[in-house]
Amino acid sequence: MGEPQQSEKPFVISKREVWEAYQKVKANKGAPGVDGVTLEAFEADLRNNLYRIWNRMSSGSYFPPPVRAVPIPKKGGVRILGVPTIADRIAQTVVAARLEPRMEEIFHTDSDGYRPGRSAIDAVAKCRERCWKTDWVIDLDIQKFFDSCPHDLIVKAVEANTDQRWIVMYVKRWLIAPLQHPDGSVDARDRGTPQGSAVSPCLANLFLHYAFDLWMARTFPSLRFERYVDDAVVHCTSKRQALAVRTAIGQRMEQVGLTLHPDKTKLVYCQDSNRRHRYDTVSFDFLGYTFRPRAAGNKRTGKMFTSFAPAMSRDKIVAKGKEVRQWRLHLRTNDTLADLAEQLDPIVRGWMTYWGHFNKSQMFALLRRVNAYLMRWARKKYKRLRSQTRLQAWWDRLVTNEPGMFAHWQWVTDCGLSFAGR
């Protein structure tokens, strides 16, 4: 596809930008939007579909369809995920790609969410180091952030960082695109930016850059924090300071149209062997990790001590355990072990890659659960393994002779007696 001449369209958007946006959307996969068009169906007429997006965006005539609302169960309620159509995700990705370079120029060093060369693990690692240096943490929870952030301030933040009129115009259209529920009902939107859309992380980051990061840098320049989009932790040297800072942050959130969750926002004492004060709250969750006092060993002296450290959270362990159960491995007796490894390894390896950075032993019980269901599969598939003794002998030979068959066997090869017969 050739590049358009500048005089052909009121807005200069290259076809290459649309193509690169499509490549990103394709890599992320994802479900169809309200039109029911899957990625495969979109690709069946790829050239014309991409041309249509480019033509409408560059002429100013692109209007987003409603966003499909997908309820996702979570602890204590339901989160609504917004799923745009494939075409709309591509259009949003074009705009996000235009904004991101500017955002990299201005963003605070402790904002790590959805930025090139940074990850959630980087934020967890910084948080760990700072918990060792300061005694207190404010665990912040912004109540219904993605449903509540005010449109006017989002638009103002975008306008401050681009001179492209079409970017602001399309951001405004996406912000008010209605949400369509599974029953067909449609909600108009005058606040918020739905989780799940390609441009939402970009807009959320930009809004919080002004609403939180720069405000913290001005108001409390000596304090360190980690922010990953709307998930944030602030480090304080004393309880008195932490109480004052929490109050100030609450007031700041109200100024920008947000509210701190009264129950989930909390002060935490980073208790360890050297910190002996008494305080009720000594743990918090951040990006799927639970920070709390944990037994640790000094490699040089061999002595044990208590460290305030992160590990995979209990909520995540329970959720992934349910996912393992939903695989229903014992019913897949037509598959071979190699089939199961091919299907399961990318999932389990992803868990290991993320939660294996800190105190990976916390997830060993989860990995043993995977082994237990593999043993259950073998007992169901092979009649000769109905005996527990024969099953265990077969398993021992397997993990010895084929140690690389499943990624998690690097860490755990047993299954735990409580699961072997289930």
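**Group meeting: a walk through the predicted model**

Okay, let's start with lysine 264, which sits in the loop between helix H10 (239-255) and strand E8 (266-269). When I say helix or strand, I mean DSSP runs numbered from the N terminus, with H or I and at least four residues for helices, and E and at least two for strands.

A quick word on what you're looking at: this is a predicted model, where local features need pLDDT of at least 70, side-chain atom pairs count only at pLDDT 80 or more, and totals for chains, interfaces and linings use all residues. Residues are numbered from 1 along each chain as its sequence is written, and side-chain values use heavy atoms, with hydrogens and water left out.

Back to lysine 264. Buried or exposed, or in between? Lysine 264 is partly exposed, at a relative accessible area of 39%. The cut-offs are under 20% for buried, over 50% for exposed, and partly exposed in between, with a 1.4 Å probe and protein chains only. Lysine 264 also belongs to a patch of positive charge on the surface, together with Lys74, Arg79, Lys144 and Lys316. Patch residues have over 30% relative accessible area and no salt bridge, and like charges are joined within 9 Å. Lys and Arg count as positive here, while His and the chain ends are not counted; each charge is placed at NZ of Lys or CZ of Arg.

Zooming out for a second. The protein has 15 helices and eleven strands, and its C-alpha atoms fill a box of roughly 75 × 60 × 40 Å along the principal axes. Of its 422 residues, 48% count as buried.

Now helix H8, residues 165-176. With twelve residues at 1.5 Å each, H8 should span 16 Å, and its end C-alpha atoms are 17 Å apart, so that agrees. The expected span is 1.5 Å times one less than the number of residues. How many of its twelve residues are buried? Nine, so to speak of H8 as mostly covered is fair. Among them are Trp166, Trp174, Tyr170 and, yes, Arg173.

Next, helix H1, residues 15-28. Valine 18 lies in H1 and is buried, with a relative accessible area of 2%. The C-alpha atoms of valine 18 and isoleucine 90 are separated by 6.9 Å, though the two are 72 residues apart along the chain.

On to salt bridges, meaning a side-chain nitrogen of Lys or Arg within 4 Å of a carboxyl oxygen of Asp or Glu. The structure holds 18 salt bridges. One of them joins the side chains of glutamate 17 and arginine 98, at 2.6 Å from N to O. Glutamate 17 is in H1 and arginine 98 in helix H4 (residues 86-106), so this pair ties together parts 81 residues apart in sequence. Arginine 98 is partly exposed, at 29% relative accessibility.

Then arginine 115 and glutamate 104 meet in a salt bridge at 2.8 Å, N to O. Arginine 115 is in the loop between H4 and helix H5 (120-133), glutamate 104 is in H4, and they are eleven residues apart. Arginine 115 is buried at 7%, while glutamate 104 is partly exposed at 29%.

Third pair: arginine 227 with aspartate 213, closest N and O atoms 2.8 Å apart. That links strand E6 (residues 225-228) to helix H9 (residues 200-219), and both residues are buried.

Last thing: Asp110, Asp112, Arg118, Lys126, Arg130, Arg224 and Glu226 are linked in a network of salt bridges. Happy to rotate the view!

Technical notes
Patch = residues over 30% accessible without salt bridge, like charges linked within 9 Å, V, L, I, M, F, W, Y side chains within 5 Å. Areas by Shrake-Rupley, 256 points an atom, 1.4 Å probe, with all protein chains shown as cover.
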